[in-house]
Amino acid sequence: MRRFTRMAGNVTATVLLMSGLAALGPAAPPAAGANPPRIDRDVFGTMPDGTRVDRFTLSNGNGMRIRVLTYGGIIQTIEVPDRRGRTGNVALGFNNLTDYIERSPYFGCITGRYANRIANGRFTLDNVTYQLAQNNGVNHLHGGNVGFDKRIWTTTEFRERDTVGLRMTYVSPAGEENYPGTLTTTVTYRLTRDNEIRMDYRATTDAATIVNLTNHTYFNLAGEGSGTIEDHKLTVNASRYTPVDTTLIPTGTLDPVAGTPMDFRRSTAIGERIRNNFEQLVIGQGYDHNYVLDRRDNTFRQLEQAATVVDPESGRVLSIRTTEPGIQFYSGNFLDGTLVGTSGRVYRQTDGFALETQHFPDSPNKPQFPTTVLRPNQTYQTTTIYQFSTTR
Ligand code: BGC
C-alpha cells in the first residue's frame with residue numbers, strides 16, 4: 001500500500017517552516033517489521049522564479065526516515081535510531097529553502113557536473129580548452145556558480161517490495177557552466193529495510209565531456225547540532241591519498257598514508273591528530289583530502305568497502321560501500337559558526353564530516369588518475385551505499 005499526501009500549493013513559508021520543525025521531533029522507532037515503507041510528499045518552498053520545491057519523506061518501516069528536496073536532490077534529514085532506540089537526525093542542513101539557496105556549503109546535495117576542484121577552472125578535451133567558472137579562489141569547485149546542487153530535479157517516487165525510492169533526473173544543456181555536451185543525469189536514491197541509503201548515478205552525453213558526481217551530505221552521528229565530530233572513530237580503506245597544494249588541488253602523486261596523521265586504516269578518532277603540525281592538515285585546516293581506496297576491482301564496477309564511522313557515545317555506525325576509486329574526507333573545516341542548522345543550533349568547525357565517494361579531484365588535468373571523460377557511446381554509472389547500524 002502506498003500512501004501519498006500533498007499539501008496545498010499556496011501554503012505560506014511560515015507554515016512550511018513550522019511543519020518542518022514539528023516533523024523533526026523525536027519519534028519512537030516502530031518494532032521491526034511493524035510498518036510498511038512509505039513515501040509522503042509536501043511543499044518545501046518556492047524558488048525566486050516561482051518554481052515549487054517539493055520534499056519527499058521516505059520511511060523504511062524499520063525506524064529510519066529521510067527527507068529529500070527536489071532542489072539539488074538535497075538530503076535534508078536522515079533520522080536513525082541510536083543504540084537505545086532513540087531517533088536522531090544525523091544530517092546537517094537547514095529547515096527552510098532560503099538558507100539552502102543563499103548560504104548552503106553544499107549540505108546534502110547532488111554535486112556536479114564535477115564534484116570537487118578543477119585547477120584554474122580549465123581543462124582540455126580532444127584539443128579544445130574549456131574555461132569553467134573560478135568559483136573557489138582560482139579553482140573551479142563542485143560544478144561552478146550554478147551546479148547540480150542548485151538545480152530542480154524532476155523527481156518520481158517508486159516502491160519495490162520492501163524498498164522505497166526516488167528517481168531524479170536533470171538534463172544539463174550543452175554549454176551550461178561552460179561544460180561541453182548535453183548531459184542527462186539520473187540519480188536514484190533508495191531507502192532499504194536494512195537502513196541503507198543506496199545511490200545509483202547514471203549519465204549520458206551527446207558530445208565528449210567530463211563528469212564526476214557525488215552526494216555531499218555532512219554527518220554528525222551524535223545528531224545534527226550536537227557539537228563536534230572529533231570523537232567519532234573513522235576507518236578508511238585506503239593506504240594512499242592525493243596530497244594537495246595550498247589551493248587544495250592534488251599535486252598529482254599518490255602518497256602513502258603510513259606513518260602520517262592521514263592514516264585511518266585502523267579505526268581512529270577524527271580529532272586525535274587533527275591538530276598535528278603536518279603540512280597537509282595545515283593546508284586543509286583539518287582533513288580535506290581524497291583517499292585512494294584499496295580496491296580489488298579496478299574497473300570500478302564492484303561495490304567495495306570504503307569507510308566506517310562509529311560514534312562511541314550514541315553507538316551509531318555509518319558504513320560506506322562504493323564502486324568509486326576515491327573518497328573525499330572533509331572534517332567540516334570551513335563551518336565557521338555563521339550557519340544555523342535544522343534544529344536551530346549553530347554549526348562550528350568540525351560539527352559535521354563529509355565522506356564523498358568520487359573520482360579524484362582535478363582528474364581532467366591529471367592523465368595519471370582514473371579518467372572522468374564521458375563520450376556519447378558510453379554510460380556513466382556509479383553506486384554508493386550509506387548504511388546505518390548501531391554498536392554496543
Ligand atoms: C571540499 C571542501 C569544501 C567543501 C564544501 C568539499 O568537498 O573538499 O574543500 O570546502 O566541499 O564546499
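A residue counts as near a molecule when one of its heavy atoms lies within 4 Å of that molecule. In this predicted model, local features need pLDDT of at least 70 and side-chain atom pairs count only at pLDDT 80 or more, while totals for chains, interfaces and linings use all residues. Residues are numbered from 1 along each chain as its sequence is written, and side-chain values use heavy atoms, with hydrogens and water left out.

The ligand is a good place to begin. It is surrounded by 14 residues, and the closest are Arg 117, His 142, His 216, Asp 288 and Glu 356. This shell divides into seven nonpolar residues, four polar ones and three charged ones; here Ala, Val, Leu, Ile, Met, Phe, Trp, Tyr, Cys and Pro count as nonpolar, Asp, Glu, Lys and Arg as charged, and the others, Gly among them, as polar.

Polar contacts, pairs of N or O atoms within 3.5 Å, can be followed from the side chains to the ligand. A polar side-chain atom of Arg 117 is 2.7 Å from a ligand oxygen atom. For His 142, the distance from a side-chain N or O atom to an oxygen atom of the ligand is 3.0 Å, and for a polar side-chain atom of Asn 116 it is 3.1 Å. On its own the ligand has 310 Å² of accessible area, of which the protein covers 94% (Shrake-Rupley method, 1.4 Å probe).

Elsewhere, the whole structure holds 20 salt bridges, each a side-chain nitrogen of Lys or Arg within 4 Å of a carboxyl oxygen of Asp or Glu. One of them joins Glu 79 and Arg 65, with 2.9 Å from N to O.

Definitions and conventions
A polar contact is a pair of N or O atoms within 3.5 Å; within protein, one must be able to donate a hydrogen and the other to accept it, and residues adjacent in sequence count only if both atoms are side-chain atoms.
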